[in-house]
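Thanks for coming, everyone. Let me put a structure on the screen, and then we will walk through it.

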Amino acid sequence: MTVQLRMNASELIRRAARPVGGTAQGGIARGTEILTARGPVRVEMLRPGDRVITRESGMRQIRAISPVEVPVLRVAPDSLGLARPERETVVAADQHLVLRDWRAGALFDAERALVPAARLQDGCQITAAGRGEVFRLDFGRPATIWANGLELPTGRTETGVIDDATA
């Protein structure tokens, strides 16, 4: 089971936590290598019809690619584990990242956690980088892909996600 928070529902209600406003859609910046059927390919070189390796179902074809300008964060090499990411990676601030190591346990009391990059921003390993162009990949349904060694969920449109600033 993947969690997004450290507290259970009753604790969130007691603290009067509220849904996060807006919609999280994420995005991957130019230069990021995506694992595809023909090997690593920079996200800006991908086209509809290209086959990308997904965690859930092997290869999946890209239906559409949408470039957008949004607030972005830089994720330093090895900041989320060995070779996670393999090199500096820029993602949308609302891009969810998958944690599968001690960080998930320490921060969320879980084996793994799905967390917006902005919640992990620390000013050192994960830092604000202003606004930038990112690419949103559409596979027709949510999928988890590999980008510079990171597992990145795509196609998620999170609304009503509970967030508690005191967590």
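This is a predicted model. Let's start with a pair of strands. Strand β3, residues 33-36, and strand β4, residues 39-42, are joined by four bridges and run antiparallel. They form a hairpin, with two residues between them. Look at T36: opposite this residue, in β4, stands G39.

Now, which residues of β3 are on the covered face, and which on the uncovered one? I34 and T36 are on the covered face. E33 and L35 are on the uncovered face. Here is the general idea. In a regular strand, side chains alternate between the two faces of the sheet.

Next, the core. Nonpolar side chains tend to be buried together in soluble globular proteins. How many residues does the largest nonpolar core have here? It has 29. I34, from our hairpin, is among those with the most contacts inside this core, along with L80, I145 and L152. Several elements give two or more residues to the core, including β7, α2, β11 and β13. Apart from this core lies another, of six residues. Among the six are A29, V70, V72 and V90.

Stay with L152 for a moment. Leaving out residues up to four places away in sequence, L152 touches I28, V91 and Q95, among others. The list also includes H96, L97 and I145.

Now the charges. Side chains of opposite charge can pair when their charged atoms come close. This structure holds ten salt bridges. I picked three.

One is R55 with E151, where the closest N and O atoms are 3.3 Å apart. R55 sits in the loop between β5 and β6, and E151 in strand β13, so the pair ties together parts that are 96 residues apart in sequence. Are these two buried or exposed? R55 has 43% relative accessibility, so R55 counts as partly exposed. E151 is at 5%, so E151 counts as buried.

Another is E69 with R131, at 3.6 Å between the closest N and O atoms. E69 is in strand β7 and R131 in strand β11, so parts 62 residues apart in sequence are tied together. E69 is exposed, at 53% relative accessibility. R131 is exposed too, at 52%.

The last of my three is R103 with D101, with closest N and O atoms 2.1 Å apart. R103 counts as buried, at 15% relative accessibility. D101, at 24%, counts as partly exposed.

And R55 comes back once more. Salt bridges with shared partners join R55, R84, R100 and E151 into one network.

Conventions. Residues are numbered from 1 along each chain as its sequence is written. This is a predicted model: local features need pLDDT of at least 70, side-chain atom pairs count only at pLDDT 80 or more; totals for chains, interfaces and linings use all residues. Side-chain values use heavy atoms; hydrogens and water are left out. A nonpolar core is a set of buried Ala, Val, Leu, Ile, Met, Phe, Trp, Tyr and Cys residues joined through side-chain atoms within 4.5 Å. Buried means under 20% relative accessible area, exposed over 50%, partly exposed in between (1.4 Å probe, protein chains only). Contact means heavy atoms within 4.5 Å. Two strands pair if DSSP finds at least two bridges between them. A salt bridge is a side-chain nitrogen of Lys or Arg within 4 Å of a carboxyl oxygen of Asp or Glu.
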